[in-house]
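Welcome, and please get your viewer ready. This tour goes from one selection to the next and says what is there at each stop.

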Amino acid sequence: MNHPANSIEPLPLGGGRERACHPLHLFRFCPLCGSSQFVEHNGKSKHCNDCGFTYYFNPSAATVAVITNERGELLVVRRAKEPAKGTLDLPGGFSDCYETSEQGVVREVKEETGLDVDRVEFLFSLPNLYEYSGFMVHTIDMFYRCHVTAAAADKAHAADDAAEAMWLRPEDIDPADFGLASISKGMTRIKAMLMQK
């Protein structure tokens, strides 16, 4: 089914296979009063018929770093953990509470590559589904151009959730090698952007 860019497609809460994809089916009791009368309200929420509490399921904020060196190569990492363990990825991760998205991407780059980011520029965002502990987390992945000094770029190394860090020339990038759907889709845009330079 095609949906206009400005429309919202409801998330499935109904029975069948789709039900397992929607996180709200795991919440059977009202988190406020504990009632079992915590029922589907619409495609994005559940409502407690006893206390009136309504919970809306919104996407988690995540960040993605696009880092290039003086040679025009892109810094990519290999995922050390599931989901998509062993596939290529870009540095990034979930934003923490009480930090901006920009602070989150700077922190994630430091944790995964050891690099200090000087400044960031927002590029675009893409929705994604990320499975964590058997729970499907809807995310909004925000892609940032992250600037590092030339001297720092040479010191990039894999740490935290990254098994390997490497620099790839734009012509050697294959978006299909990136295991997360939003990253693979974003890589098509990023590769085109890098090839224009």
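Start by selecting residues 101–113, which form helix 1. This helix has 13 residues and reaches 18 Å from its first C-alpha to its last, close to the 18 Å expected at 1.5 Å a residue. Keep in mind as you look around that this is a predicted model.

Which residues of helix 1 are buried? Colour Ser101, Gly104, Val105, Arg107, Glu108, Val109, Glu112 and Thr113, and you have them. Now show what these buried residues pack against: strand 4 (60–66), strand 5, strand 7 (92–94), strand 8, strand 9 and strand 10. Just after helix 1, click on Gly114, which takes a positive phi of about 80°.

Zoom out for a moment to take in the whole chain. There are three helices and ten strands, and from the N terminus on the elements run β-β-β-β-β-β-β-α-β-β-α-β-α. Of the 197 residues, 40% are buried. Among the contacts with a separation of 6 or more, 58% are between residues 24 or more positions apart. If you switch on the surface, the accessible area comes to about 11200 Å², with 52% of it belonging to carbon and sulfur atoms.

Next, select strand 8 (residues 119–132) together with strand 9 (residues 135–147). The two pair in the antiparallel sense over 13 bridges. For one of these bridges, pick Glu121 in strand 8 and find its partner Arg145 in strand 9. Then follow the strands to their turn: strand 8 and strand 9 form a hairpin with two residues between them, and Ser133 in the turn has a positive phi of about 55°.

Stay on strand 9 and centre on Thr139. Is Thr139 buried or exposed? Its relative accessibility is 3%, so Thr139 counts as buried. Show side chains here, and you will find a polar contact between those of Thr139 and Asp141, at 2.8 Å. Leaving aside residues up to four places away in sequence, Thr139 touches Pro59, Ser60, Ala62, Phe94, Leu126, Pro127, Asn128 and Tyr130.

Two of those neighbours, Phe94 and Tyr130, lead to the next stop. A search of the whole structure finds three aromatic pairs. In one of them, the ring centres of Phe94 and Tyr130 are 5.5 Å apart and the planes are at 85°, so the pair is edge-to-face. This pair links distant parts of the chain, with Phe94 in strand 7 and Tyr130 in strand 8, 36 residues apart. Phe94 is partly exposed at 30% relative accessibility, whereas Tyr130 is buried, with a relative accessible area of 15%.

Now select Phe122 and Tyr144, an edge-to-face aromatic pair with 5.6 Å centre to centre and 75° between the planes. Phe122 lies in strand 8 and Tyr144 in strand 9, 22 residues apart, and here too the pair links distant parts of the chain. Tyr144 is buried, with a relative accessible area of 3%.

For the last stop, display strands 6, 5 and 10. These three strands form an open sheet in the order 6-5-10, with antiparallel pairing. The edge strands are strand 6 (88–89) and strand 10 (162–168), each pairing on one side only. Between strand 5 (residues 74–79) and strand 10 there are six bridges. To finish, pick Val76 and look across to its bridge partner in strand 10, Met166.

Terms used
Residues are numbered from 1 along each chain as its sequence is written. This is a predicted model: local features need pLDDT of at least 70, side-chain atom pairs count only at pLDDT 80 or more; totals for chains, interfaces and linings use all residues. Side-chain values use heavy atoms; hydrogens and water are left out. Two strands pair if DSSP finds at least two bridges between them. Helices (H or I, at least four residues) and strands (E, at least two) are DSSP runs, numbered from the N terminus. Buried means under 20% relative accessible area, exposed over 50%, partly exposed in between (1.4 Å probe, protein chains only). A polar contact is a pair of N or O atoms within 3.5 Å; within protein, one must be able to donate a hydrogen and the other to accept it, and residues adjacent in sequence count only if both atoms are side-chain atoms. Contact means heavy atoms within 4.5 Å. Accessible areas come from the Shrake-Rupley method with a 1.4 Å probe; for residues, only the protein chains shown count as cover. The expected span of a helix is 1.5 Å times one less than its number of residues. Rings of Phe, Tyr and Trp (its six-membered ring) pair if their centres lie within 6.5 Å; planes under 30 degrees apart count as stacked, over 60 as edge-to-face and the rest as tilted.
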